[in-house]
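Subject: Structure for you to look at

Hello,

Here is the structure we spoke about handing over. Please open it alongside this message.

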Amino acid sequence: MATISTYCPQFNGLRRSCPNLHTNNSQQSQSFLQHINSQLRLASSSSSRRPCRGAVTAMAGSGKFFVGGNWKCNGTKDSITKLVSDLNSAKLETDVDVVVAPPFVYLDKVKALLTDRIEVSAQNSWIGKGGAFTGEISVEQLKDIGCKWVILGHSERRHIIGEDDQFIGKKAAYALNEGLGVIACIGELLEEREAGKTFDVCFKQLKAFADVVPSWDNIVIAYEPVWAIGTGKVATPQQAQEVHVAVRDWLKKNVSEEVASKTRIIYGGSVNGSNCAELAKQEDIDGFLVGGASLKGPEFATIVNSVTSKKVAA
Ligand code: PGA
């Protein structure tokens, strides 16, 4: 498979050492300095990070590492009780936001059994206030049971259920206005990647969120190439980083520099206990959205704890 850099040479993985995205020299040197500063941010200088003398973080953004477990339509009362118990006894690094998204029918139970260390998320929500909408779950109901997040725009809802950008945007705007955090998913199909349309697709999906959301304070962007979801075919760290850096640049140009810096851009698609450390080392990967591997407590804990591989020797 051709890599994305073939299609878009300006994002060829050299951005960090060759900041040529800017048009004039003073902008260029300023941006370069900002870049160096963010790259060399001392772990101990950020309140959201553990003090770690002599270490720097390989992190371009300023947001806290975020790992979500998307349980999808999996599990039974028994298996979910076991998973929650494994999560409750897992040793998790402190400087990570950890969220799990159980199927709706188990959400309340999981919220009640799970330690406060881990937040719960829904996998979907209705576009507005609840009422006569058979089969739907409202944001108000989610808030009522203490749910803090919702996953929206997941590729399985886009491509299997048929949700479009506009519908997803409405859901996101409503959820954010009501105070839920949104894990906003974007990502290209294999044929779109092969046609060189990865960035076009991701930017269009991003714009649909940007056009309607009231603020970016409570949004985490999940880049999930569709060809990598549930296939065991993970994006290489470079392929993921190239899109993440492009997404951050898009936010910078189309929203603001502040939003670009603070918004977590997490990667999803066949992340597991063996590949998470290499992915986490990429500067613009601020965490993960995990499907299959989040159904195993110890493996999910390993993925959460991959935050440690962001810290590199000074
Ligand atoms: P996967 O799913 O980890 O099983 O590939 C990721 C997702 O769909 O969020």
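Below is what was found in it, starting with the model as a whole, then the ligand site, then some single residues.

The model is predicted. Its chain has an average pLDDT of 85, and 81% of the residues score at least 70. The stretch to set aside is residues 1-54, where pLDDT stays under 50. For that stretch the model has 89 contacts beyond four places in sequence. Where pLDDT is low, the predicted coordinates should not be read in detail.

The chain as a whole

There are 314 residues in the chain, and 52% of them are buried. The secondary structure comes to 12 helices and 10 strands. Among the contacts with a separation of 6 or more, 70% are between residues 24 or more positions apart. About 13900 Å² of the chain is exposed, and carbon and sulfur atoms supply 53% of that area.

The ligand site

Which residues are closest to the ligand? They are Lys-72, His-154, Glu-224, Gly-230 and Ser-270, out of 13 residues that surround the ligand. By type, the shell divides into seven polar, four nonpolar and two charged residues.

Three pairs of polar atoms are worth looking at in the viewer. In the side chain of His-154, an N or O atom is 2.6 Å from an oxygen atom of the ligand. Gly-230 places a backbone N or O atom 2.6 Å from a ligand oxygen atom. Gly-291 also uses a backbone N or O atom, at 2.8 Å from an oxygen atom of the ligand. On its own the ligand has 280 Å² of accessible area, and the protein covers 95% of it.

Two of the closest residues have a backbone feature to check. Most residues other than glycine have a negative phi. Lys-72, however, has a positive phi, near 50°. Lys-72 sits in the loop between strand S2 (65-70) and helix H2 (77-89). Its relative accessible area is 19%, so Lys-72 counts as buried, the cut-off being under 20%. Ser-270 likewise has a positive phi, near 60°. Ser-270 lies in the loop between strand S8 (264-268) and H11. Ser-270 is buried as well, because its relative accessible area of 18% is under 20%.

Thr-231

Thr-231 follows Gly-230 in the numbering and is in the loop between S7 and helix H9 (237-254). Is Thr-231 buried or partly exposed? With a relative accessible area of 46%, Thr-231 is partly exposed. A polar atom of the Thr-231 side chain lies 2.8 Å from the backbone oxygen of Trp-227. The backbone oxygen of Ala-228 is 3.4 Å from a polar atom of that side chain. Thr-231 and Gly-269 are 38 residues apart along the chain, and their C-alpha atoms are separated by 7.9 Å.

Three buried residues

Ala-222 belongs to strand S7 (residues 219-223). Its relative accessibility is 0%, so Ala-222 counts as buried. Beyond four places in sequence, Ala-222 is in contact with Ile-183, Ala-184, Cys-185, Ile-186, Ile-266 and Leu-289. From Ala-222 to Gly-68 the C-alpha distance is 9.7 Å, with their positions 154 residues apart in sequence.

Asp-286 is in the loop between helix H11 (276-280) and strand S9 (287-290). Where might one expect a charged side chain to be, buried or exposed? Asp-286 is buried, at a relative accessible area of 1%. Leaving out neighbours within four places in sequence, its contacts include Met-59, Lys-64, Phe-65, Arg-248, Arg-264 and Ile-266. Ile-266 is therefore a contact of both Ala-222 and Asp-286.

Val-110 is in helix H3 (residues 104-113). Val-110 is buried too, at 0% relative accessibility. Its contacts beyond four places in sequence are Trp-71, Ile-80, Val-84, Val-100, Pro-102 and Val-120. The C-alpha atoms of Val-110 and Lys-77 are 10.0 Å apart, and the two residues are 33 apart along the chain.

Regards

How values were computed: Residues numbered from 1 in each chain as written. Predicted model: local features only at pLDDT ≥ 70, side-chain atom pairs only at ≥ 80, totals over all residues. Heavy atoms only, no water. Near = heavy atom within 4 Å. Polar contact = N/O pair within 3.5 Å; in protein donor to acceptor, adjacent residues only side chain to side chain. Areas by Shrake-Rupley, 256 points an atom, 1.4 Å probe, with all protein chains shown as cover. Nonpolar A, V, L, I, M, F, W, Y, C, P; charged D, E, K, R; others polar. pLDDT = per-residue confidence, 0-100. Contact = heavy atoms within 4.5 Å. Helix = DSSP H or I, 4+ residues; strand = E, 2+ residues; numbered from the N terminus. Buried < 20%, exposed > 50% of the residue type's maximum accessible area, 1.4 Å probe, protein only.
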